[in-house]
Amino acid sequence: MNRREFLRTAGGATAVAGAVSASGSAAAQSGGPEVALLGSLVFDPAEVYVSPGTTVTWVWESDGHNIVVDSQPEGANWEGTEGGASQLYDTGYEYSHTFEELGEYEYVCAPHRQAGMVGTVVVNESGAPPSGGGGEVEPEEMGVPIQAHFVGIATILAIAVSLMFTFFLLKYGESPHASGGN
Ligand SMILES: [Cu+2]
């Protein structure tokens, strides 16, 4: 490493250290989410919702992963981990990025993309998932299970009533005959 490179690296390290401590305290204050890179080849959680200006931190809990940006909103310039798809990082490595542009960011771990090691960061105003998790169910679709439930309950009731009727008929209908007929 020549002097020029050393100075650049040292300068970069200082800048990174400054950025990390700055984003670290910001993350501590705003509760910026953390994503773990697990040995089971998943990002945990795989999907995070944040508001603009939130710093997301990725923490390597196993070896040989990276973050390569697959798609992002126009105007955003997230680049993922330094070195691109061929550069991997090991346990203990941490990487942070502050998201500003609204929209959906999709990223992958390059060597484990095929294994499903993919993740999404969604930046919206609320920083929360869309309300009502199952809000995509159409009203007419809901009608079917409710009706099915009703039919099911009615059937069980009908069976129960006929069983009880048979029980009482056997117990109180026949036994007086059997014991009373001396
Ligand atoms: Cu990976």
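**Entry 1: Leu41**

I started at Leu41, which sits in the loop between β1 and β2. I kept in mind that this is a predicted model. Leu41 is not a glycine, yet its phi is positive, at about 60 degrees. Is Leu41 buried or exposed? I noted it as partly exposed, because its relative accessibility is 24%.

**Entry 2: a cis bond**

Next I checked the peptide bonds. The one joining Asp44 and Pro45 is cis, with omega about 0 degrees. Pro45 belongs to the loop between β2 (42-44) and β3.

**Entry 3: the copper site**

I moved to the metal. Which residues coordinate the copper ion? I found His65 through ND1, Cys109 through SG, His112 through ND1 and Met117 through SD, at 1.9 to 2.5 Å. I then looked at the angles. The four donor atoms subtend 100 to 125 degrees at the copper ion, so the arrangement is tetrahedral. The cut-off asks that all angles lie between 85 and 135 degrees.

I wrote down the donor spacing in sequence as H-x43-C-x2-H-x4-M. The two histidines bring together distant parts of the chain: His65 comes from the loop between β4 (54-60) and β5 (68-71), and His112 from the loop between β7 (103-108) and β8 (118-123), 47 residues apart.

I compared this with the record. The unreviewed UniProt entry places a "binding site" feature at His65, Cys109, His112 and Met117. These positions span 53 residues in sequence, but no two of their C-alpha atoms are more than 9.4 Å apart, so they gather at one spot.

**Entry 4: His65 and its neighbours**

I took His65 by itself. At 1% relative accessibility it counts as buried. His112 is buried as well. Leaving out residues up to four places away in sequence, I listed the contacts of His65: Leu37, Leu38, Leu41, Trp60, Leu88, Tyr89, Cys109, His112 and Met117. Leu41 from my opening entry is one of them.

**Entry 5: Leu37**

Leu37 was on that list, so I followed it up. Leu37 lies in strand β1. Its relative accessible area is 0%, which means that Leu37 is buried. Leaving out residues up to four places away in sequence, Leu37 touches Val42, Phe43, Trp58, Val59, Trp60, Glu61, Ser62, His65 and Met117. Two copper donors, His65 and Met117, are therefore among the residues I marked around the buried Leu37. I also checked one distance: the C-alpha atoms of Leu37 and Asp90 are separated by 9.7 Å, and the two residues are 53 apart along the chain.

**Entry 6: strand β6**

I read along β6 (residues 94-99). Which side chains point to the buried face? Tyr95, His97 and Phe99 do. Glu94, Ser96 and Thr98 point to the other face and are not buried. β6 pairs with β4 in the antiparallel sense, over six bridges. Val56 stands opposite His97 of β6.

**Entry 7: the nonpolar core**

Last, I looked up the largest nonpolar core, which has 21 residues. The residues with the most contacts inside this core are Phe43, Trp58, Ile67, Trp78, Phe99, Tyr107 and Val121. Elements giving two or more residues to the core are β1 (34-38), β3 (47-50), β4, β6, β7 and β8. Which element gives the largest share? It is β4, with three residues.

I picked Trp78 for a closer look. Leaving out residues up to four places away in sequence, Trp78 touches Trp58, Ile67, Val69, Gln72, Tyr95, His97, Phe99, Tyr105 and Tyr107. Tyr95, His97 and Phe99 on that list are the buried side chains I had noted on β6.

Conventions
Residues are numbered from 1 along each chain as its sequence is written. This is a predicted model: local features need pLDDT of at least 70, side-chain atom pairs count only at pLDDT 80 or more; totals for chains, interfaces and linings use all residues. Side-chain values use heavy atoms; hydrogens and water are left out. Donors are N, O and S atoms within 2.8 Å of the metal (3.2 Å for Na, K and Ca); water is not among the atoms, so sites may look incomplete. Four donors count as tetrahedral if all angles lie between 85 and 135 degrees; four count as square planar and six as octahedral if opposite donors are over 155 degrees apart and all others between 65 and 115; anything else is irregular. Helices (H or I, at least four residues) and strands (E, at least two) are DSSP runs, numbered from the N terminus. Buried means under 20% relative accessible area, exposed over 50%, partly exposed in between (1.4 Å probe, protein chains only). Two strands pair if DSSP finds at least two bridges between them. A nonpolar core is a set of buried Ala, Val, Leu, Ile, Met, Phe, Trp, Tyr and Cys residues joined through side-chain atoms within 4.5 Å. Contact means heavy atoms within 4.5 Å. UniProt positions are given in the numbering used here, feature names are shortened, and annotations may be inferred rather than shown by experiment.
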